Amino acid sequence: QVQLVESGGGLVQPGGSLRLSCAASGIIFSLYDMGWYRQAPGKQRELVATISSGAGTNYADSVKGRFTISRDNAKNTVNLQMNSLKPEDTAVYYCTADRRRRITPTYWGQGTQVTVSS
């Protein structure tokens, strides 16, 4: 049984910050590449950020310089620090895990809502 559970979503004002967390179980966490996707109503799902098993990171151009992805292998968690939030960041954010860097990640969390007002 693989489970990814997101937390930390909520409502913030433009320019504010949120920190999302994802707790993973049922996998050897240290061997997996982790990521965050997001999807807004009427829009396509998009990749936000990834962090490899070796802790290398990649970001979508739209969030580069504002968001930071990190992982703590001792706690089996991956985090997404979101600063300088914009209304266009409003979406459901999903935590993902993948062993082989597939185009579509193998495992997905249930999602957490992030709403940036205005």
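Thr112 is buried, with 12% relative accessible area. The model is predicted, and the values below are computed from it. Thr112 belongs to strand β11, residues 112-116. A polar atom of the Thr112 side chain lies 3.4 Å from the backbone nitrogen of Gly9. Beyond residues up to four places away in sequence, Thr112 touches Glu6, Gly9, Leu20, Ala91, Val92 and Tyr93.

**Strand β9 and its partners**

Strand β9 covers residues 91-98. Because 6 of its 8 residues are buried, β9 is largely enclosed by the rest of the structure. The strands paired with β9 are listed here, each with an example of facing residues.

| Partner of β9 | Sense | Bridges | Example pair |
|---|---|---|---|
| β4 | antiparallel | 7 bridges | Trp36 and Cys95 |
| β11 | antiparallel | 3 bridges | Ala91 and Val114 |
| β10 (residues 107-108) | antiparallel | 2 bridges | Thr96 and Trp108 |

**Nonpolar core**

In soluble globular proteins, nonpolar side chains tend to be buried together. The largest nonpolar core here has 29 residues, and the members touching the most others are Met34, Trp36, Leu80, Met82 and Tyr93. Two or more residues each come from β3 (18-25), β4, β5, β7 (67-72), β8 (77-82), β9 and β11. Outside four places in sequence, the contacts of Met34 include Leu4, Phe29, Val78 and Ile69, as well as Cys95, Thr96 and Ala97.

**Asp33 and Thr50**

Asp33 is in strand β4, residues 33-39. Is Asp33 buried or exposed? With a relative accessibility of 12%, Asp33 counts as buried, because the cut-off for that class is under 20%. A polar atom of the Asp33 side chain is 2.8 Å from the backbone nitrogen of Ser53. Ser53 is also among the residues that Asp33 contacts beyond four places in sequence, together with Ile51, Ser52, Arg71, Thr96, Ala97, Asp98 and Arg101.

Thr50 is placed in strand β5, residues 46-51. Thr50 counts as partly exposed because its relative accessibility is 24%, and the range for that class runs from 20% to 50%. Apart from neighbours within four places in sequence, Thr50 is in contact with Met34, Gly35, Gly56, Thr57, Asn58 and Ile69. Met34 and Ile69 are also in contact with one another. The C-alpha atom of Thr50 is 9.7 Å from that of Thr68, a residue 18 places away along the chain.

Technical notes. Residues are numbered from 1 along each chain as its sequence is written. This is a predicted model: local features need pLDDT of at least 70, side-chain atom pairs count only at pLDDT 80 or more; totals for chains, interfaces and linings use all residues. Side-chain values use heavy atoms; hydrogens and water are left out. Helices (H or I, at least four residues) and strands (E, at least two) are DSSP runs, numbered from the N terminus. Buried means under 20% relative accessible area, exposed over 50%, partly exposed in between (1.4 Å probe, protein chains only). Contact means heavy atoms within 4.5 Å. A polar contact is a pair of N or O atoms within 3.5 Å; within protein, one must be able to donate a hydrogen and the other to accept it, and residues adjacent in sequence count only if both atoms are side-chain atoms. A nonpolar core is a set of buried Ala, Val, Leu, Ile, Met, Phe, Trp, Tyr and Cys residues joined through side-chain atoms within 4.5 Å. Two strands pair if DSSP finds at least two bridges between them.
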